[in-house]
Amino acid sequence: MLKTGKRERLELYKDRNTQVLLNKFISGEIGELEPVYDCKLGYRYPVVEAIVGDASEAEAFLNRLYEAGVLERRLYDKIIYCPECGSANISIRYCCPYCKSFDITRSALIEHVKCGYMDVEENFRKGNKLVCPKCHEELKKEDVDYRKAGVWCSCKDCGKSFDIPVTAHFCRDGHTVFTFEDAVIKDVYAYRLREEVKEEAAVGWFLIAPIRDFLVENGFEVESPAFLKGKSGANHMFDIAGYKGTKEKVTVIDLATS
Ligand SMILES: [Zn+2]
Ligand SMILES: [Zn+2]
Ligand SMILES: [Zn+2]
């Protein structure tokens, strides 16, 4: 069982929003919480937004649960935002490395194995056949007569050819063009409930909450979790401590999860 962050986790289990979300994991309604793409706002977690009631709160809420060790996360995607207006409605442009135009064409590069001639596929095309422009032999079988040797691009603006285009981004909202250097890039995660805290979480609010309520109803002052000094002087953590009147008389309850 995880010891680190247990205090934070026990605090979180008391929170109604946390309970609603964890219940969805524990009941199996959610296995992994994946973000949903929205072209204006980027990724969202609609299930969490419905719980916390505010779209802007969802991420902070998930991050708190992750940092306390309740949830684990995996990198799901990276999202690109416009550096000018913050829009996530971004396209990728493959551009000419010479003049930066995105009006380029991409062709398959083919090599005739027998004579070694290499050219773009269009120059081999004769109707629905492939014929070598150099030796005029027909190429029938891929990897026997000919092989694909990558791609070859040409720029419709400056006429130059190249194999690897450069990338740029276009903001569809503000019509700004920007490059990787200026792009605002954010990690986006999918979340799962940590296997190690499943039991702790269930006990944390199925058992502790009613016991707390019972003690409070019966006139106890309750701390949960509670840190009490033992005979040795060291602090011990208990799931619940109930006080009546003076702090001398303490009832402590520790559930068998720690
Ligand atoms: Zn040939
Ligand atoms: Zn060009
Ligand atoms: Zn923009």
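**A friendly note on the zinc site and the aromatic pairs**

1. Let's start with one tyrosine: Y37 has a relative accessibility of 45%, so it counts as partly exposed. Please keep in mind that this is a predicted model.

2. The partner of Y37 is Y43, with ring centres 5.3 Å apart; the planes meet at 65°, so this is an edge-to-face pair. Y43 itself is buried, at a relative accessible area of 16%. Ring pairs also bring in Y76, giving a cluster of Y37, Y43 and Y76.

3. Elsewhere, Y98 and F162 also form an edge-to-face pair, because their planes lie at 65°, with 6.4 Å between the ring centres. Y98 sits in the loop between strand 4 (90-95) and strand 5, while F162 belongs to strand 11 (residues 161-162), so the pair ties together parts 64 residues apart in sequence. F162 is buried, with 4% relative accessibility. In total, the structure holds 6 aromatic pairs.

4. Two arginines are worth a look as well. R73 lies over the face of Y189, and R93 over the face of F102. The distance to the ring centre is 3.7 Å for R73 and 3.7 Å for R93.

5. Now for the metal. The zinc ion (ligand 1) has as protein donors H112 (ND1), C115 (SG), C132 (SG) and C135 (SG), at 2.0 to 2.4 Å. The site is tetrahedral, with angles of 100 to 122° among the 4 donor atoms. Along the sequence, the donor residues follow the spacing H-x2-C-x16-C-x2-C.

6. Are the cysteines C115 and C135 buried or exposed? C115 is partly exposed at 27%, and C135 is partly exposed at 34% relative accessibility.

Note on methods: Residues are numbered from 1 along each chain as its sequence is written. Chains are lettered from A and ligands numbered from 1 in the order in which they are written. This is a predicted model: local features need pLDDT of at least 70, side-chain atom pairs count only at pLDDT 80 or more; totals for chains, interfaces and linings use all residues. Side-chain values use heavy atoms; hydrogens and water are left out. Donors are N, O and S atoms within 2.8 Å of the metal (3.2 Å for Na, K and Ca); water is not among the atoms, so sites may look incomplete. Four donors count as tetrahedral if all angles lie between 85 and 135 degrees; four count as square planar and six as octahedral if opposite donors are over 155 degrees apart and all others between 65 and 115; anything else is irregular. Buried means under 20% relative accessible area, exposed over 50%, partly exposed in between (1.4 Å probe, protein chains only). Rings of Phe, Tyr and Trp (its six-membered ring) pair if their centres lie within 6.5 Å; planes under 30 degrees apart count as stacked, over 60 as edge-to-face and the rest as tilted. Helices (H or I, at least four residues) and strands (E, at least two) are DSSP runs, numbered from the N terminus. A charge sits over a ring if NZ of Lys or CZ of Arg is within 6 Å of the ring centre and within 35 degrees of the ring normal.
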